[in-house]
Every structure is written in structure tokens, then in C-alpha cells.
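Please read the following note with the model open beside you, and look up each residue as it is named. The points go from one small neighbourhood to the chain as a whole.

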Amino acid sequence: MASSKDSKTITKPRSASQPRFIQHKKEAFWFYRLISIAYDHILNPCHFTEKMREEALEPADLSDRNMIVVDVGGGTGFTTSEIVKHVDAKNVTILDQSPDQLAKAKKKAALKECMIIEGDAEDLPFPTDYADRYVSAGSIEYWPDPQRGIKEAYRVLKVGGKACIIGPVYPSNWLSRFFADVWMLFPKEEEYIAWFQKAGFTDIQLKPIGPKWYRGARHHGLIIGCSVTGVKPESGDSHLQLGSKDEDVSKQVNPLGFVVRFILGVMASIYYLFLPIYMWLKDKIVPEGRPI
């Protein structure tokens, strides 16, 4: 688990009730129609390398090929491609709300035996006590209510099953923090722990990850910055009681609000696209042993 010293280096994020562009499901749908084109070839090499993917899934303990695994927010199947190295593809389900992302997953030969379905991470179509492993990589940042999504993770797991959520960490740098706040959710490390604890998970662990050229630096935040795991101790649903969903997708989108958030969202995505390039250059220029 991350130390208290590590957690204190991450500044306080804005309120979860403040709308971020990517977290509005209707608006994010259009964003992902565009971004799905370059997701595997541009975004993942910058923020979630194959080596990082391997390291992030290690705590999930995918130790049996007969395990039932759900990959929630699986998108193009980038993380699923690592899962099926350890678990038979026929036992793996990829769920995502974006048909454009899932269309990419369906074209991958390694995933042809996986079940691929559209769905909502906060309202999963799986029965209680269903899966041996729950994996979600690069998805929590888009959930309007992360606590509800983690509660669902608890519900669908079998007793002794393990949830593994891989996601961002919040920046302390003022400019990176601004763009993070207008774009999507970058949780504090201690928030992940609290969400898992409230849902009822035990044996909760947080493993920091990041591109090797960041040299462990986290002040700009990371789109993929940690892997958090927890074990379900007893059968049934979580005892946590939640109210109605934070987001009502049936509500009409305000056109002006959409345009403003879309512009800010595009600016933020461009900023976070070039940020790893900036860090890569610093890694090349700044001598080893000095912070970047």
C-alpha cells in the first residue's frame, strides 16, 4: 500500500459533483468516436505501455486459466490482451459503453473468443457472486460516481475474488491540475483506498506504476499511475448504501455547456498527449540521479 508520505504529495482534487467533460456519458460518447481511432497507436504508447500493463495486472493474481474474468471499461481490449495470456479467452468478458472502442476489440485475433458487450460500469449486467476476477484499467476516470462502480465490482465477485482497478493519480503541478480538473477524474491515492474500504474489500493494496521515462515523478499526475486491488471477504452485495446516480443521462445536454466543456476537454487531451513527450525529453536531458 502507498505510504502516507506518498499520498500527501498529491493535492486535493475538486469536488466530484463538478462536471468534467469526459465524465458526462453523452458527451464522452462523441469524444470516444474520435479518440478510438488513435487509442492503441498513440495514447497507450504514451501513457500505458505493455510493460506497465504487465506490472499493473501482476497484483490481480491471474493464476488459473479457468478463472471467470470481467474487464470493465475494456475499450479496445488493450488490457484484455494481457489478461488472455493468463486466462482462457472464452472465460473473459469485455464490457464498455463505447461501441466504437469495442469495435476495435472485436478485430483482435487474441480476443475472438471473449464475450464483448456494451454496458455501464456503475450498473453491471452480471449476477452477484459471478466472477473470480474484476479488472478495470483506464476507466475509473470516466465514472461519474467511482464509489458506485467499485461497489458493483464487489457485488459481481465471488467470495475470495479480487478486484483490480488501474487508473490515474492526481497532479500537484498547477497547470497539470487545471487540465486534469476540466477533463476527467484524477483521484488521490488515498481516495482509491477509501472507496475500496467503504465497498467492503479487505487486503487492499496500491501499487504505483508509470512510464519508465518519468523516473517515478508524479507531480504532473499520470493517466495510468496506480494499480489498486482488494479481496471480497463474503458473498452477496456490498453493505454500502448509496442514493440515486450522480448523472441522469436522460436529461437534455445544455448546448453552451457542451461546447465549453468540449473545447476545454480537447485542450486537456492535447496537453496530456504532449506531456509524456516533454517528460521523455527531460529524461534524455537531465542527468541520472537528479529529479525531473
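1. Met67, if one leaves aside its neighbours within four places in sequence, is in contact (heavy atoms within 4.5 Å) with Asp61, Leu62, Val87, Asn91, Asp132 and Arg133. The residue is found in the loop between helix 4 (50-57) and strand 1 (69-72), where helices (H or I, at least four residues) and strands (E, at least two) are DSSP runs numbered from the N terminus. Met67 has a relative accessible area of 8% and therefore counts as buried; buried means under 20% relative accessible area, exposed means over 50%, and partly exposed is in between, with a 1.4 Å probe and protein chains only. Met67 and Gly161 are 94 residues apart in sequence, while their C-alpha atoms are 9.9 Å apart in space.

2. Before going further, please keep in mind that this is a predicted model, in which local features need pLDDT of at least 70 and side-chain atom pairs count only at pLDDT 80 or more, whereas totals for chains, interfaces and linings use all residues. Residues are numbered from 1 along each chain as its sequence is written, and side-chain values use heavy atoms, with hydrogens and water left out.

3. Asp132, one of the contacts of Met67, lies in strand 4 and is buried, with a relative accessible area of 18%. A polar atom of its side chain lies 2.8 Å from the backbone nitrogen of Ile68, and a polar contact of 3.5 Å joins the side chains of Asp132 and Lys158. A polar contact is a pair of N or O atoms within 3.5 Å; within protein, one must be able to donate a hydrogen and the other to accept it, and residues adjacent in sequence count only if both atoms are side-chain atoms. Not counting residues up to four places away in sequence, Asp132 touches Asn66, Met67, Ile68, Leu157, Lys158, Gly161 and Lys162.

4. Two other aspartates deserve a look at their backbone angles. Asp61, which also touches Met67, has a phi near 55°, a positive value in a residue other than glycine; Asp61 is found in the loop between helix 4 and strand 1 and is partly exposed, with a relative accessible area of 37%. Asp129 has a positive phi too, near 60°, and its place is in the loop between strand 3 (115-118) and strand 4 (131-137). With a relative accessible area of 29%, Asp129 is partly exposed.

5. Which residues touch the most other members of the largest nonpolar core? Among the 75 residues of this core, they are Tyr134, Ile150, Ile166, Phe201 and Tyr272, and the largest share of the core, six residues, comes from strand 5 (residues 157-169). A nonpolar core is a set of buried Ala, Val, Leu, Ile, Met, Phe, Trp, Tyr and Cys residues joined through side-chain atoms within 4.5 Å. Beyond its neighbours within four places in sequence, Ile166 is in contact with residues including Phe48, Leu57, Ile209, Ile224 and Cys226.

6. The count of aromatic pairs comes to ten; rings of Phe, Tyr and Trp (its six-membered ring) pair if their centres lie within 6.5 Å, and planes under 30 degrees apart count as stacked, over 60 as edge-to-face and the rest as tilted. The rings of Tyr154 and Phe201 have their centres 5.2 Å apart and their planes at 75°, so this pair is edge-to-face. Because Tyr154 lies in helix 7 (residues 146-156) and Phe201 in the loop between helix 9 (189-199) and strand 6 (202-208), the pair ties together parts that are 47 residues apart in sequence. Phe186 and Tyr272 form a tilted pair, because their ring centres are 5.3 Å apart and their planes are at 35°. Ring pairs link Phe178, Phe179, Trp183, Phe186, Tyr271 and Tyr272 into a cluster.

7. For the whole protein chain, the secondary structure comes to ten helices and seven strands, and buried residues make up 55% of the 292 residues. Of the contacts with a separation of 6 or more, 76% are between residues 24 or more positions apart.
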